[in-house]
Amino acid sequence: MCSSDLAPAWHYVEVAGGPYAGVAGGSVEGILLSVRNRDGEPASGIPVLVTVASSGGSLDGGTRTLRASSGTDGSVDFGCTLPSQVGTFAVDVTLPDQPGSPTRVDIAVGAAAPVRMELEGNNQAAVAGMRLPLPLGVFLADSYDNPVAGVVVGFTVEQGDGRFASGNGAVKVTTGADG
């Protein structure tokens, strides 16, 4: 018997899918992990511990920790509820019986659909042919007050002969990262 026959079984986990993303307060299902042996083959029945590593959010069932075992194909899948803040929701995956650092799963959290709009610079007056004293603007936020980026907003002159810098009576702009 050689000494390598006495070595304990060694396994590792890798993120099998992704990248993963969702909206603030929403859920992401089907986050897929793969547990493998030292030869890279799927390993079944291996204990897996998934732990929320960031503030807010939760795993399936509203917990912050999930214990599972890899299936016959070495897979483990789970879902989560994302926090209400835009950013990154992180979970750490460890194999409790194995040494080493956890495997991090990062889930991008974006703003949900806009539900609130604030107008800036509305109802101004100026002498004909002159610029308005303040710029026109709009702020869009989701139900958690996260700014919503990437929404096309149209401005139209509805009364008079006013024009935008483009020379047109209407203009479309896209909200930036600040909503």
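**Figure 1. Arginine 104, partly exposed at 45% relative accessibility, and its acidic partner in this predicted model.** Arginine 104 and aspartate 92 bring their side chains together in a salt bridge, 2.5 Å from N to O. The two ends come from distant parts of the chain: arginine 104 belongs to strand β9 (residues 103-110), aspartate 92 to strand β8 (residues 87-94), and they are 12 residues apart. Now look at the acidic end: is aspartate 92 buried or exposed? Aspartate 92 is buried, with a relative accessible area of 17%, and the cut-off for that label is under 20%. Arginine 104, at 45%, counts as partly exposed.

**Figure 2. The open sheet that holds β8 and β9.** Five strands line up here in the order β2-β9-β8-β4-β6, with mixed pairing. The edges go to β2 (20-23) and β6 (65-69); each has a single partner strand, so one side of each has no neighbour in the sheet. From one strand to the next, the twist averages 25°.

**Figure 3. Zooming in on β4 and β6.** Strand β4 (residues 47-52) pairs with β6 in the antiparallel sense, over five bridges. Which residue of β6 does valine 50 face? Valine 50 has leucine 66 opposite it. Keep in mind that β6 is one of the edge strands, so one of its sides is left without a neighbour in the sheet.

**Figure 4. A salt-bridge network around arginine 116.** Arg116, Glu118 and Asp145 are the linked residues. For one of the links, the side chains of aspartate 145 and arginine 116 meet at 2.8 Å, N to O. Why does this pair tie together separate parts of the chain? Aspartate 145 sits in the loop between β11 (137-141) and β12 (152-156), while arginine 116 is in strand β10 (residues 116-120), so the pair joins parts that are 29 residues apart in sequence. With a relative accessibility of 29%, arginine 116 counts as partly exposed. If you're keeping a tally, the whole structure has four salt bridges.

**Figure 5. Arginine 36 reaching glutamate 14.** Here's another salt bridge, with the closest N and O atoms 3.2 Å apart. Again the partners come from distant parts of the chain, with arginine 36 in strand β3 (residues 27-37), glutamate 14 in strand β1 (residues 11-15), and their positions 22 residues apart. Glutamate 14 counts as partly exposed, at 32% relative accessibility. Arginine 36 also has a polar contact of 3.3 Å, side chain to side chain, with serine 34.

**Figure 6. Serine 34 and its surroundings in β3.** How accessible is serine 34, buried or exposed? Serine 34 is buried, and its relative accessible area is 6%. Setting aside neighbours within four places in sequence, serine 34 is in contact with Tyr12, Val13, Glu14, Ala16 and Gly74. Among these is Glu14, the salt-bridge partner of arginine 36.

**Figure 7. Strand β3 and its pairings with β1 and β7.** β1 and β3 run antiparallel and pair over five bridges. In that pairing, valine 15 has leucine 33 of β3 as its bridge partner. How many bridges join β3 to strand β7 (residues 75-81)? There are six, and these two strands run antiparallel as well. Serine 34 turns up here too, standing opposite serine 75 in β7.

Notes. Residues numbered from 1 in each chain as written. Predicted model: local features only at pLDDT ≥ 70, side-chain atom pairs only at ≥ 80, totals over all residues. Heavy atoms only, no water. Pairing = 2+ DSSP bridges. Helix = DSSP H or I, 4+ residues; strand = E, 2+ residues; numbered from the N terminus. Axes fitted to C-alpha atoms, helices over the stretch in contact; angles between N-to-C directions. Buried < 20%, exposed > 50% of the residue type's maximum accessible area, 1.4 Å probe, protein only. Polar contact = N/O pair within 3.5 Å; in protein donor to acceptor, adjacent residues only side chain to side chain. Contact = heavy atoms within 4.5 Å.
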